[in-house]
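Here are some exercises to work through with the model open in your viewer. Try each one before you read its solution.

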Amino acid sequence: MTGGHRRILVVEDDPETADQLVESLKTSGYQVDLATSGNEALSRGATGDYAVITIDRMLPDIDGIAVMRRFRDDGIAAPVLIVSALGEVDDRVRGLRAGGDDYLVKPFSFVELLARVEALGRRSDTIVKETILRVGDLALDLMSRTASRRGKDIVLFPREFQLLEYLVRNEGRVVSRAMLLQHVWDLHFDPSTNIIDVYVGRVRRKVDGQQAYPLIHTVRGTGYCLRAPG
Amino acid sequence: MLLAKTLTSSTFRLALIAIGTFGVIVSAIFSYVYLSTSAYVRSRSDRAIVTEYLSLKSAYERSGRDGLIALIEERTADGSFADNVYALADPSLVTLAGNLKIWPSTATAAEGWIEFRAGEPSPNAANRPLLRAMLGTFPSRDRLLVGKDISELDGFADQIKTAVISGIVLIFLLAGVASILVTRRTVGRIESINATSRAIMQSGLDQRIPLRGTHDEWDRVAENLNQMLNRIETLMGEVRQVSDNVAHDLRTPLTRMRGRLEKAYHGQRISADDQALIGDTITDLDAVLRIFSSLTRIAQIETQARKGAFRTVNLAEIAGEVVELYDAAAEQVGTHLTVVGDREALVTGDRDLIFDAIANLVDNAIKHGRTGGQVVVANENIDGKPVISIADDGPGIPAHEYEQVFKRFYRLEKRSGAQPGRGRRPSSRRADRNAR
């Protein structure tokens, strides 16, 4: 995400949640516009060039999904993160089907929200057509689906490769457990066990074991971040 | 199957009682008709015999033995008395006149009625005409027999008897067949209601009992049951709506609360102790939220609200993915986790729920199985239905707790810090719901 393209539109009617959202996004270096109703969201969306739009589903005037549809009809392609108190799968599916790019259920952690906004913002950048991804001394060959560090192959199961690829694609950004479940396993619920940690633990042993420096870092209470030192 | 149900049904038993009662009455009426008809026919012939006997008797009294002999000979020669039999015998039973040459051996009584076969005794007695005669003895001890050939009358009575018996048999037969047909129809309707009830018990409230449009009592029963089901479904929906509303209303303040705590946690001027305190509070708050989600999810599953997300999924593929996900966890405790069996087991269901259900059971199996043991996830097709089983080689569930583990939130042992909703009950229930 380029510096000039860090504008976010937050559509949220609850004042306190809105304040918290705006503040935490601003702290992370975004410019934030706030709309507290569907109509305001529509007028702001039409004028501003946003990297990401977050929309609360339950708005006082127009339903969040309807607002999103109008955006899409008006040719506004900015990725939309639906934030909703309606958490069940049906609502989620409806939201995503209507053109949402991601879905976050209230209450959420702001770190999780930031991680998702970051990931969405990245998607709106130009898609890089690379066949080899590199972070530090780690190289992922997307064609042969193999990973290596300093030229030494790392033996990974297909799913482990997928997980590592997702972490690499989000290099330097926090990736939550829910995001991993969603993007690596296509699961939209929280198994609320430490299963993801155990799984990432094994990938980490394979990737970081006996290496000069670790690449996969745990972000306490949130998830993981893959980054090279320096 | 249906025939067995028909024969054991109470309707059929009632029909049998009705047939029995009706049959006894019909038999009694027919028997009365038979008896009175044959009695009437017999009495007419008897009256004719008596008249003839009396006229011969008066001839005897008027003109003695010789006069009677003359009269008898006159009668036997006359064609209009061809059906009649006559015999006049002396006291030593030697016939003096009449068309019966030999005095019947059975006619020993001084007077009264006898029935006998004419001619010599022979094996084919039935071919000889049956005669009925009146006996009398005059004061001179001469004996007179006047009778008639009643073979035809007897044949007529036999015909009536045959008609009556076949009538009764036919009535029983028709009544039997009719009652089986009626009972089958009744049992069929009840069975369709039963089948729907079973389907409702197994897969939810969206089924209805089919109506035949006959507006009979069965249609009315079905209509009422369907209305009852509609009502129950509405109520369940309302309950779910309430829990959804509660869930939604709680989510906003909880979001604010979590936001404040997070802000405080990342605040600059707080001590490490305070930060730990807030961190723990956030963790607990998240746990509360998960319990809360579990509850609403179970409510949704039980009211079938998630059917919207149902599509054809491959159970075996999901099982494979679960095994893949839990492989690392199994490896950690030295458990050998494998998936075996068919590669394809298609079911209609919600992928997330099925995944969650299998994951729950695998998670349980790894945690409660033997350390360094085996956990096997097997996909099979039994009777064309996909079945998935998760087995460990640990101590297992005690037999007396088999029923208990299907109860919501039940766990074999209490573990501190355990979260409800992770017990076997939701998983079993979900597995049951989804794997059809």
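Before we start, one definition: a helix axis here is a line fitted to C-alpha atoms over the stretch in contact, and angles run from 0 to 180 degrees between N-to-C directions. Keep in mind, too, that this is a predicted model.

**Exercise 1. Work out how H8(A) and H6(B) are oriented against each other.**

Step 1. Two packed helices are described by the angle between their axes and the distance between the axes. Take helix H8 of chain A, residues 195–208, and H6(B): their axes come within 8 Å and cross at roughly 80°.

Step 2. Angles of 65 to 115 degrees count as roughly perpendicular, so H8(A) is roughly perpendicular to H6(B).

Step 3. Now look at who does the touching. On the H8(A) side, the contact is made by A:Ile195, A:Val198, A:Tyr199, A:Gly201 and A:Arg202. H6(B) contributes B:Leu325, B:Tyr326, B:Ala328, B:Ala329, B:Glu331 and B:Gln332.

**Exercise 2. Find the residues that touch the most other members of the largest nonpolar core.**

Step 1. In soluble globular proteins, nonpolar side chains tend to be buried together. Here the largest nonpolar core has 88 residues, and B:Ala319, B:Val322, B:Tyr326, B:Ile358 and B:Val362 touch the most other members.

Step 2. Which helix supplies the largest share of this core? That's helix H6 of chain B, residues 315–332, with 11 residues.

Step 3. Zoom in on B:Tyr326. Skipping neighbours within four places in sequence, B:Tyr326 is in contact with A:Ile195, B:Leu337, B:Val362, B:Asp363 and B:Ile366.

Step 4. There's also a second, separate core of 20 residues, which includes B:Tyr60, B:Tyr86, B:Ala87 and B:Ala89.

**Exercise 3. Describe the open sheet E7-E9-E10 of chain B and the helices packed on it.**

Step 1. Three strands make up this open sheet, with mixed pairing. Its edges are strand E7 (336–341) and strand E10 (385–392) of chain B, each pairing on one side only. Neighbouring strands are turned by 15° against each other on average, direction ignored.

Step 2. E7(B) and strand E9 (residues 374–382) of chain B run parallel and are joined by six bridges. Within that pair, B:Gly341 sits opposite B:Asn379 in E9(B).

Step 3. Add the helices. H6(B) packs on the sheet and touches E7, E9 and E10 of chain B, its direction making about 170° with that of E7(B). Helix H7 (residues 351–368) of chain B also packs there, touching E7, E9 and E10 of chain B, at about 25° to the direction of E10(B).

**Exercise 4. Give the strand order of the five-stranded sheet in chain A, then place helices H2 and H3 on it.**

Step 1. The order in this open sheet is E2-E1-E3-E4-E5, and the pairing is parallel. Strand E2 (31–35) and strand E5 (102–105) of chain A are the edges. On average, neighbouring strands are turned by 20° against each other, direction ignored.

Step 2. For one pair in detail, strand E1 (residues 7–11) and strand E3 (residues 52–56) of chain A run parallel and share four bridges. A:Ile8 stands opposite A:Val52 in E3(A).

Step 3. Helix H2 (residues 38–47) of chain A lies across E1, E2 and E3 of chain A, at about 140° to E2(A). Helix H3 (residues 64–73) of chain A lies across E1, E3 and strand E4 (80–84) of chain A, at about 150° to E3(A).

Step 4. Where do the buried residues of H3(A) fall, seen down its axis? The residues in question are A:Gly64, A:Ile65, A:Val67, A:Met68 and A:Phe71. They fall within an arc of 160°, so they line one face of the helix. Just after H3(A), A:Gly75 takes a positive phi of about 80°.

**Exercise 5. Is A:Leu34 buried, partly exposed or exposed, and how about B:Pro395?**

Step 1. A residue is buried with 20 or more other C-beta atoms within 10 Å, and exposed with 12 or fewer.

Step 2. A:Leu34, in strand E2 of chain A, has 18 such neighbours, so A:Leu34 counts as partly exposed. Beyond four places in sequence, its contacts are A:Val10, A:Ala18 and A:Val22.

Step 3. B:Pro395, in the loop between E10 and helix H8 (424–434) of chain B, has 10 C-beta neighbours inside 10 Å and therefore counts as exposed. Its C-alpha is 8.0 Å from that of B:His368, 27 residues apart in sequence.

Technical notes:
Residues are numbered from 1 along each chain as its sequence is written. Chains are lettered from A and ligands numbered from 1 in the order in which they are written. This is a predicted model: local features need pLDDT of at least 70, side-chain atom pairs count only at pLDDT 80 or more; totals for chains, interfaces and linings use all residues. Two strands pair if DSSP finds at least two bridges between them. Helices (H or I, at least four residues) and strands (E, at least two) are DSSP runs, numbered from the N terminus. Two residues are in contact if their C-beta atoms, placed from the backbone, lie within 7 Å. The arc is that of the directions from the helix axis to the C-beta atoms. A nonpolar core is a set of buried Ala, Val, Leu, Ile, Met, Phe, Trp, Tyr and Cys residues joined through C-beta atoms within 7 Å. Angles under 35 degrees count as roughly parallel, over 145 as roughly antiparallel, 65 to 115 as roughly perpendicular and the rest as oblique.
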